[in-house]
Amino acid sequence: MERFYPIFLRIKDKLCVVVGGGNVAERKVMTLLEDGAKVKVISPDITKTLSALAEAGEVEWKPRYYEVGDLLGAFLVYAATNSQEVNQQVYTDAQKHSILVNTIDNQELCDFIVPSRIDKGKLQICISTSGASPALAKQIREELEEHFCDEYQMFLDWMQQLREWLLKNEPDEQTRRQIFKQAVQSPILELLREQRIEEARAIIHSYTKELILTDQCGCN
Ligand SMILES: C[C@@]1(CC(=O)O)C2=NC(=C\c3[nH]c(c(CCC(=O)O)c3CC(=O)O)Cc3[nH]c(c(CC(=O)O)c3CCC(=O)O)/C=C3\N/C(=C\2)[C@@H](CCC(=O)O)[C@]3(C)CC(=O)O)/[C@H]1CCC(=O)O
Ligand SMILES: NC(=O)c1ccc[n+]([C@@H]2O[C@H](COP(=O)([O-])OP(=O)(O)OC[C@H]3O[C@@H](n4cnc5c(N)ncnc54)[C@H](O)[C@@H]3O)[C@@H](O)[C@H]2O)c1
């Protein structure tokens with residue numbers, strides 16, 4: 001069984017070219033924008049949402065059919081038209097330039113596929129069915145979303161601050177590990193869920209013996 005290798009890419013300010021402007025293209029564009037990519041859409045027509053984004057200058061739109069050369073300088077490419085021939089052409093051109101390409105109607109022509117994603121600030125949970133059933137990936141996302149509530153954002157933000165503090169102030173790796181384990185097993189999440197923020201905060205401060213937490217994530 002061939003599977004895809006999961007990684008997280010830094011796409012902020014990188015050029016991502018989407019060929020096609022339909023509903024599927026729109027879905028890919030929205031997630032690219034969320035993570036700060038520079039998006040160029042090439043398509044004679046585009047959805048209303050894409051059109052509004054183009055007018056607002058959030059995406060660059062070339063209102064025409066795909067042409068050889070459109071992919072130059074791209075970090076990622078999406079072949080997202082409703083024409084298999086055009087998608088195949090985009091794929092071939094991307095391969096020629098060693099640019100990673102996603103072809104929305106043919107997994108064989110994908111260097112990468114887009115997972116279903118739960119997004120809770122720094123916490124991301126990505127689900128893939130290796131392309132076997134996107135509908136199931138979506139269903140699993142919806143199930144998991146109920147469990148991974150907003151409190152995880154603040155908890156993770158605190159864990160990061162605790163980690164940074166311990167890396168500076170606790171030289172013993174074993175002790176650090178023990179504290180991280182204790183913190184993730186502590187009732188902090190339950191307390192946050194019940195809005196008992198100060199009690200939750202006190203648990204973190206019991207490890208550091210000084211006040212370190214600032215609420216950076218702004219989720220409360
Ligand atoms: C996760 C998500 C991300 C996103 O797109 O952002 C995503 N598809 C989503 C939804 C969705 N897509 C489709 C349906 C209808 C039900 C169904 O067919 O199951 C639904 C459900 C719905 O819309 O309700 C139809 C469909 N999808 C693909 C094909 C073509 C093919 O298989 O060749 C066809 C058939 C077209 C036809 O019928 O001809 C292909 C791909 N779709 C993928 C991702 C990649 C594999 C991900 C994985 O590993 O599972 C892959 C391989 C390539 C890619 O797109 O990267 C997003 C859910 C977001 C969310 O809500 O969480
Ligand atoms: N990967 C997925 O998640 C997924 C989900 C559903 C469907 N699909 C597949 O994706 C295909 C597209 O779906 P859609 O709903 O976005 O289609 P759509 O018909 O809404 O959009 C197609 C777009 O391609 C553009 N286009 C056509 N020829 C072009 C060219 N030569 N150059 C540039 N742009 C061109 C059109 O202008 C249009 O904007 C479907 O045929 C289906 O097989 C994929």
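**From the nonpolar cores to the ligands**

The largest nonpolar core has 29 residues, of which V18, V19, V41, V77 and A79 touch the most other members. Strand 1 (15–19), helix 1, strand 2 (38–42), helix 2 (48–55), strand 4 (76–79) and helix 3 (84–96) each contribute at least two residues to this core. A second core, separate from it and made up of ten residues, includes W158, I188, A200 and I204. In soluble globular proteins, nonpolar side chains tend to be buried together. The structure described here is a predicted model.

V41 offers a way into the surroundings of the larger core. Leaving aside residues up to four places away in sequence, V41 touches V18, G21, A25, V29, I46, L50, V59 and W61. The last of these, W61, is found in strand 3 (residues 59–62). On the same basis, leaving aside residues up to four places away in sequence, W61 touches V41, I46 and A54. W61 has 18 other C-beta atoms within 10 Å, fewer than the 20 that a buried residue needs but over the limit of 12 for an exposed one, and therefore counts as partly exposed. Between W61 and S116 there are 26 Å in space, C-alpha to C-alpha, and the two are 55 residues apart in sequence.

The division into domains gives a broader view. The chain is divided into domain 1 (1–114), domain 2 (115–148) and domain 3 (151–208). The centres of domain 2 and domain 3, taken over C-alpha atoms, are separated by 26 Å. Contact between these two domains involves five residues of domain 2 and four residues of domain 3. On the side of domain 2 that touches domain 3, two residues are nonpolar, one is polar and two are charged.

An unreviewed UniProt entry places the feature "domain: Siroheme synthase central" at residues 121–147. Over residues 121–147 the chain is 52% helix and 19% strand, and the C-alpha atoms at the ends are 15 Å apart.

The ligands come next. Where does ligand 1 lie with respect to domain 1 and domain 2? Both domain 1 (1–114) and domain 2 (115–148) give residues to the shell around ligand 1, so the ligand lies between them. This shell holds 23 residues, the closest being S116, S128, G131, P134 and A135. Helix 1 (23–34) and helix 4 (134–147) each supply at least two residues of the shell, and the largest share, five residues, comes from helix 4. By class, the shell around ligand 1 consists of eight nonpolar, ten polar and five charged residues.

Ligand 2 is surrounded by 21 residues, among which G20, G21, G22, V24 and T81 come nearest. The largest share of this shell, three residues, is supplied by helix 1. Its classes are eleven nonpolar, eight polar and two charged residues.

Two details of the backbone complete the account. Most residues other than glycine have a negative phi. S98, although not a glycine, has a positive phi of about 55°. S98 is found in the loop between helix 3 and strand 5 (100–103), and is exposed, with 8 other C-beta atoms within 10 Å. K209, also not a glycine, has a positive phi of about 60°. K209 is found in the segment after helix 8 (197–208). With 8 C-beta neighbours inside 10 Å, K209 counts as exposed.

Definitions and conventions: Residues are numbered from 1 along each chain as its sequence is written. Chains are lettered from A and ligands numbered from 1 in the order in which they are written. This is a predicted model: local features need pLDDT of at least 70, side-chain atom pairs count only at pLDDT 80 or more; totals for chains, interfaces and linings use all residues. UniProt positions are given in the numbering used here, feature names are shortened, and annotations may be inferred rather than shown by experiment. Helices (H or I, at least four residues) and strands (E, at least two) are DSSP runs, numbered from the N terminus. A residue is near a molecule or strand if its C-beta atom, placed from the backbone, lies within 6 Å of it. Ala, Val, Leu, Ile, Met, Phe, Trp, Tyr, Cys and Pro count as nonpolar, Asp, Glu, Lys and Arg as charged, and the others, Gly among them, as polar. Domain bounds come from an automatic or database domain assignment. A nonpolar core is a set of buried Ala, Val, Leu, Ile, Met, Phe, Trp, Tyr and Cys residues joined through C-beta atoms within 7 Å. Two residues are in contact if their C-beta atoms, placed from the backbone, lie within 7 Å.
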